[in-house]
Each structure stands twice: as structure tokens, then as C-alpha cells.
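Got your viewer open? Let's take a walk through this protein together, one selection at a time.

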Amino acid sequence: MFQTIGIFGKYNGIQSWELIDKLVLYLQSRKKNVLLDASSCKDFPVDRYNIQLAPRSELLEKIDFAVVVGGDGTFLDVARALIDYDVPILGVNLGRLGFLTDVSPECMMITLDEVLADNYKCEERTLLEVLIKKDGKALYRDVAFNDVVLHKNDSPRMIEFETFIDGRFLNSQRSDGLIIATPTGSTAYALSAGGPIIEPDLNVVTLVSINPHTMSNRPIVTSGDSQILIRPHENCCGTASIICDGQVTYQFSAGTETHVTRHPKFIKMVHPKEHDHYKLLRAKLNWGQKF
């Protein structure tokens with residue numbers, strides 16, 4: 001049973017305070033210890049309650065369950081922070097699409113009743129780990145829940161790079177970039193770029209080119225255990241960026257190597273017992289409409 005629960009809000013999102021207020025009062029009525037994330041809830045009026053704001057590093061050490069009130073972007077930020085703590089996470093949707101924060105505000109209390117009664121579904125979701133090197137020296141390391149994206153900087157010119165999978169040369173391409181997506185991220189940027197929708201529990205990674213120069217370039221699905229290497233072409237001029245989940249960016253140029261592998265740990269996503277991934281797809285992508 002979960003006893004110490006951390007609440008994460010939407011950055012500068014005062015619209016989440018009403019929901020967080022209800023959440024705090026509900027959890028306190030259930031005799032739960034409640035901690036608020038100081039990073040995202042710093043303006044929440046904690047004086048009204050017997051709770052405290054905790055620095056995220058301290059909060060993550062203490063909680064055994066996390067509730068995110070916000071959109072998918074908020075969820076991604078919290079998920080990356082939780083990866084080393086084995087803490088299940090539930091998302092309450094205040095955003096627009098809500099593939100990750102899939103519990104509506106109207107159903108929040110019902111879902112929490114089920115979770116606290118140990119009547120819920122928990123999925124393990126894959127993350128990616130990215131390591132950028134130059135001349136054998138590590139320059140940057142991070143994780144991504146949705147995707148690792150190589151993208152050209154502000155320029156009309158395409159970038160040129162080579163891709164290797166498990167040490168085997170895959171291709172050389174000119175394009176605006178490349179998306180390396182987890183199954184979770186298959187409904188994010190990769191979907192907009194023409195990639196396939198992947199079942200969340202599959203052990204695969206998808207590579208989707210962004211506006212490739214050659215029309216024969218198509219998305220590739222490879223094993224989640226693959227080691228992927230992106231190397232800018234020696235003739236590549238200018239710079240590009242590696243972007244994790246659309247939130248964390250590292251600038252790199254010719255001479256660097258970007259290594260992408262599956263992270264050894266998983267994110268534990270909590271859903272209502274009746275959660276159905278296909279039902280979610282129908283709702284978010286309007287597949288259930290009859291014409």
C-alpha cells in the first residue's frame with residue numbers, strides 16, 4: 001500500500017491548484033503523507049494544509065507513489081527524474097492530448113480509490129539513454145521517455161549523417177533529422193513524422209527520418225536491445241541538436257558520436273484497472289467517429 005505520496009504540478013500552472021487542492025485534502029483524509037514538489041508547486045498555498053514543499057531530490061527519496069497533475073510534458077519531466085527510484089507514477093490530464101496523463105480530472109478520485117485499494121494496472125515502460133562522445137570522451141549523457149531527436153538548427157539546409165545499428169552500417173542520409181522513439185514515444189513526434197504506432201509493452205525502438213531528401217527512406221523498427229549510433233557525415237557543416245523529449249537539448253557538430261541504447265530500468269505507469277490502450281487511441285486520435 002502506498003503511504004507517502006508526492007504531488008507534481010504543472011510549471012507556472014496556477015490552473016492546476018484547484019485539482020491539487022482536492023488531491024491533498026483527499027489523500028489527507030486517507031491518512032497519507034503528502035509531499036509537494038518544490039520545483040513545480042512553489043506557488044501553491046501550502047500554509048492552508050499540514051504539508052510541506054520538498055526539493056525534488058529530497059522528495060524522490062521519500063515517496064513511494066507519484067501523482068502528476070499537468071500535461072504530457074509535465075509527465076515526461078517527472079518520469080525522467082523518477083527513473084532511479086522505482087516509484088510508480090499516475091498522470092492526471094490538464095493538457096491537450098493526454099497520452100501519458102490519461103486520467104481525467106473528473107475520474108481522478110475514482111481512480112485513486114481503486115489505486116489505494118490495490119485495484120489497478122501497472123505497466124513498465126521503456127526509456128532511452130543517450131551518450132554523446134567526441135574523440136572517445138563523454139560530453140553529455142541523459143535519458144528520454146518518448147524520444148531522442150537529432151534535429152538541424154535554424155537553417156534551411158539539411159544535415160548529413162550516418163546511422164549504425166549494433167555496429168552495422170544502416171544508411172547515410174540528408175534530412176532535417178532523425179527521431180529515435182520508444183513505443184511510448186511512437187504516438188508523439190514520431191507519429192507526426194509518419195512513424196508507426198507501437199504497442200507500449202513491446203521491446204522495440206523506432207527510427208523515423210524527418211523530411212528525408214530521398215523518398216525511399218522509410219521508418220525502421222528494430223530491437224529494443226539494439227545499440228544505435230548517429231555520426232555526422234565528415235562533409236557535414238554547421239551544427240545540429242540532440243533533444244530528449246523535446247525538453248533537454250545538447251548542441252553538437254561534426255566529429256561527435258551519439259549513442260542511443262535502452263535504459264536498464266523502466267518507468268512504472270499506473271492506470272485504472274479497465275485501462276485499454278486501444279480505447280485511448282480511439283479517443284485521442286478520433287478513430288471512433290463514423291462518417
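## Stop 1: the nonpolar core

Start by selecting Ile-20, Leu-36, Phe-44 and Phe-65: in the largest nonpolar core, which has 29 residues, these touch the most other members. Keep in mind as you click around that this is a predicted model.

Now colour the elements that feed this core. At least two residues each come from β1 (4–8), α1 (17–29), β2 (33–37), β4 (65–70), β5 (89–93) and α4 (108–116). Helix α1 gives the largest share, seven residues.

There is another core, too, lying apart from that one: it has 22 residues, and you can find it by selecting some of its members, including Leu-59, Ala-79, Leu-100 and Leu-127.

## Stop 2: Phe-65 and the rings

Zoom in on Phe-65. What does Phe-65 contact, leaving aside its neighbours within four places in sequence? Show Phe-2, Thr-4, Ile-5, Gly-6, Val-87, Pro-88, Leu-90, Leu-112, Val-115 and Val-270, and you have the list. Keep Phe-2 on screen and add Tyr-120: ring pairs link Phe-2, Phe-65 and Tyr-120 into a cluster.

The structure has seven aromatic pairs. For one of them, select Phe-44 and Tyr-49, a stacked pair with 5.5 Å from centre to centre and 15° between the planes. Both Phe-44 and Tyr-49 are buried.

## Stop 3: Val-103 in its loop

Next, pick Val-103, which sits in the loop between β5 and α4. Is Val-103 buried or exposed? Its relative accessibility is 3%, so Val-103 counts as buried; the cut-off for buried is under 20%.

Who touches it? Not counting residues up to four places away in sequence, Val-103 is in touch with Leu-90, Gly-91, Val-92, Asn-93, Met-108, Thr-111 and Pro-272. Try a distance label as well: from C-alpha to C-alpha, Val-103 and Phe-65 are 16 Å apart in space, and they are 38 residues apart in sequence.

## Stop 4: the strands

Switch to a cartoon view and look for an open sheet of six strands, with the order β13-β12-β11-β8-β15-β16 and antiparallel pairing. Its edge strands, β13 (220–223) and β16 (248–253), each pair on one side only. From one strand to the next, the twist averages 20°.

At the β13 end, strand β12 (residues 204–210) runs antiparallel to β13, and four bridges join the two. Select Leu-207 and you'll find its bridge partner in β13, Ile-220.

Then move to β6 (residues 120–134). How many bridges join β6 to strand β17 (residues 256–272)? There are 14, and these strands run antiparallel. Along the way, Leu-131 stands opposite His-259 in β17.

Strand β6 also pairs with β7 (residues 137–144), again in the antiparallel sense, over seven bridges. Click Lys-134 to find its bridge partner in β7, Lys-137. The hairpin of β6 and β7 has two residues between the strands, and there Asp-135 takes a positive phi near 55°.

## Stop 5: the cysteines

How many disulfides does a search of the whole structure find? Zero. Select Cys-122, which is in no disulfide: the nearest cysteine sulfur belongs to Cys-107 and is 19 Å away. Colour by accessibility and Cys-122 counts as partly exposed, at 41% relative accessibility, whereas Cys-244 is buried, with a relative accessible area of 0%.

Definitions and conventions:
Residues are numbered from 1 along each chain as its sequence is written. This is a predicted model: local features need pLDDT of at least 70, side-chain atom pairs count only at pLDDT 80 or more; totals for chains, interfaces and linings use all residues. Side-chain values use heavy atoms; hydrogens and water are left out. A disulfide is a pair of cysteine sulfur atoms within 2.5 Å. Buried means under 20% relative accessible area, exposed over 50%, partly exposed in between (1.4 Å probe, protein chains only). Rings of Phe, Tyr and Trp (its six-membered ring) pair if their centres lie within 6.5 Å; planes under 30 degrees apart count as stacked, over 60 as edge-to-face and the rest as tilted. A nonpolar core is a set of buried Ala, Val, Leu, Ile, Met, Phe, Trp, Tyr and Cys residues joined through side-chain atoms within 4.5 Å. Contact means heavy atoms within 4.5 Å. Two strands pair if DSSP finds at least two bridges between them. Axes are lines fitted to C-alpha atoms, for helices over the stretch in contact, and angles run from 0 to 180 degrees between N-to-C directions.
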